[in-house]
Amino acid sequence: MITWRAAMERALYGSEGFYRREHPEAHFRTSVHASPLYARALARLLEDVDAQLGRPGRLDVVDMGAGSGSLLAGIREAVPEETARRLRLVAVEFESRAGLEDVVWSAEPPEGIVGLVVANEWLDNVPLDIVEYTPEGPRLMLVDAEGHERPGPEPEEADLAWLARWWPEQRGRAEIGRSRDEAWARLVGRLEAGAAVAVDYSHDVETRRPTLAGYRHGMAVWPVPDGSCDVTAHVALDSCAVPGLETVLTTQREALRLLGVNGRRPARELAFSDPRAYLAELSRAGEAAELTDPGGLGGFGWLMQAKGPVSLERYRTQGAAVPPGSGETAVFGTPEVTE
């Protein structure tokens, strides 16, 4: 038996791992796949960052866990031609995908990034350890490829310190997010100037709870670390924030609304004057409602951090905090279109 962190690493990224064999789009639907409005919103954020950087000759957009690269393609399509000419698009994935021009495929993010880094549902797949509080104290849980567990050794001091600071409920099971903190710090360390955004289903220090789960073909399954399914857990975005940087913790609902995404219905009069335009606007409103639904994608947490001359002040909203979050949605219905 091995620790959950080692088991997740092997099950997700080993030679026969889930992400080595499978296309994520076949198993779960993210905001990127829900609507092109998501890429357009991030294009607006990029334009804001670009302006604050003084429109540099090279403007980077780095997509962590890029999948097929559809987010990068959507951003490139949404920005003005003058901006598009300066873009360096970097898709961070294990393997490059054909069909996207002018995209750099890499297994690692580049150094000296100037522009925007997006980690959309990336941190939740960074392997982490599971601990259980026993009568003898906290113990790392060991697991085999079939999902059978037993208590193992005591966590190391750094993990115990993380638990004391970020997981106040010292009983039952806990998920040690230190590995996610370190992964985010390494990524932000490669940002020279600009903004980095992590978007994920998350929980905060007030609402921590065990969330380890598995997904296969859009359905929730038991998180067996054998490479047959995605193994994931909610992200402690509040602990991930790198100290010393301007930071905004908010929800996707609030962030996208500030970036121009809302679910308002088109005026009823448009249905009579231009029925085709009315239907197009109604469809757009439905997509926006799904992206901002507080019980679904809109409840995801956004961690935004900036370096250099970039300010995130306009994205700071009163009362916005990282919510308990919802798990990856296995079945996707049509949300109610709201104001």
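Arg 55 counts as partly exposed, at 41% relative accessibility. In this predicted model, Arg 55 is found in the loop between α4 and β2. Its backbone takes a positive phi of about 50°, although Arg 55 is not a glycine. Most residues other than glycine have a negative phi. Gly 54, placed just after α4, also has a positive phi, of about 80°.

The helix that leads into this loop is α4, residues 36-52. Its 17 residues should span 24 Å at 1.5 Å a residue, and the end C-alpha atoms are 25 Å apart, which agrees. The buried residues of α4 include Leu 37, Tyr 38, Ala 41, Leu 42, Leu 45, Leu 46 and Val 49. In an α-helix there are 3.6 residues a turn, so residues three or four places apart point the same way. Asp 48 and Asp 50 are also among the buried residues of α4. Pro 36, which has its place in helix α4, is partly exposed because its relative accessible area is 43%, between the limits of 20% and 50%. Pro 36 and Ile 75 are 39 residues apart in sequence, yet their C-alpha atoms are 9.0 Å apart in space.

On the other side of the loop, the chain enters the sheet. Seven strands form an open sheet in the order β4-β3-β2-β5-β10-β15-β14, with mixed pairing. The edges are held by β4 (103-106) and β14 (246-251), each of which has a single partner strand, so one side of each is left without a neighbour in the sheet. From one strand to the next, the twist averages 15°.

Strand pairing can be followed from β2 outwards. Strand β2 and strand β3 (residues 87-92) run parallel and are joined by six bridges, and Met 64 stands opposite Val 92 in β3. Strand β2 (residues 59-64) also pairs with β5 in the parallel sense, over four bridges; here Asp 63 stands opposite Val 118 in β5. Strand β5 in turn runs parallel to strand β10 (residues 191-200), with eight bridges between them, and Val 117 stands opposite Ala 196 in β10.

How many residues of β5 are buried? Strand β5 (residues 113-120) is mostly covered, with eight of its eight residues buried. The loop between β5 and β6 (129-134) contains Glu 121, which is likewise not a glycine but has a positive phi of about 50°. Glu 121 is buried, because its relative accessible area is 10%, under the 20% limit.

Two helices can be placed against these strands. Helix α5 (residues 70-78) lies across β2, β3, β4 and β5 and runs at about 165° to β3. Helix α8 lies across β2, β5, β10 and β15 (301-307), running at about 145° to β10. With 12 residues, α8 reaches 16 Å from its first C-alpha to its last, close to the 16 Å expected at 1.5 Å a residue. Its buried residues include Trp 184, Leu 187 and Val 188, together with Arg 178, Arg 180 and Asp 181.

Beyond β10, Thr 211 lies in the loop between β10 and β11 (213-216). Is Thr 211 buried or exposed? Thr 211 is buried, with a relative accessible area of 8%. Leaving aside neighbours within four places in sequence, Thr 211 is in contact with Glu 175, His 203, Thr 232, Ala 233 and His 234.

Across the chain as a whole, there are 12 helices and 15 strands. Buried residues make up 53% of the 339 residues. Of the contacts with a separation of 6 or more, 76% are between residues 24 or more positions apart. The accessible surface comes to about 15,000 Å², and 51% of that surface belongs to carbon and sulfur atoms.

Confidence varies along the chain. The mean pLDDT is 86, and 83% of the residues reach 70 or more. Among the elements, helix α8 (residues 178-189) has the highest mean pLDDT, 98, and helix α11 (residues 269-273) the lowest, 62. Over residues 319-339, pLDDT stays under 50, and the model has 63 contacts beyond four places in sequence for these residues.

Notes. Residues are numbered from 1 along each chain as its sequence is written. This is a predicted model: local features need pLDDT of at least 70, side-chain atom pairs count only at pLDDT 80 or more; totals for chains, interfaces and linings use all residues. Side-chain values use heavy atoms; hydrogens and water are left out. pLDDT is the predictor's confidence in each residue, from 0 to 100. Helices (H or I, at least four residues) and strands (E, at least two) are DSSP runs, numbered from the N terminus. Contact means heavy atoms within 4.5 Å. The expected span of a helix is 1.5 Å times one less than its number of residues. Buried means under 20% relative accessible area, exposed over 50%, partly exposed in between (1.4 Å probe, protein chains only). Two strands pair if DSSP finds at least two bridges between them. Accessible areas come from the Shrake-Rupley method with a 1.4 Å probe; for residues, only the protein chains shown count as cover. Axes are lines fitted to C-alpha atoms, for helices over the stretch in contact, and angles run from 0 to 180 degrees between N-to-C directions.
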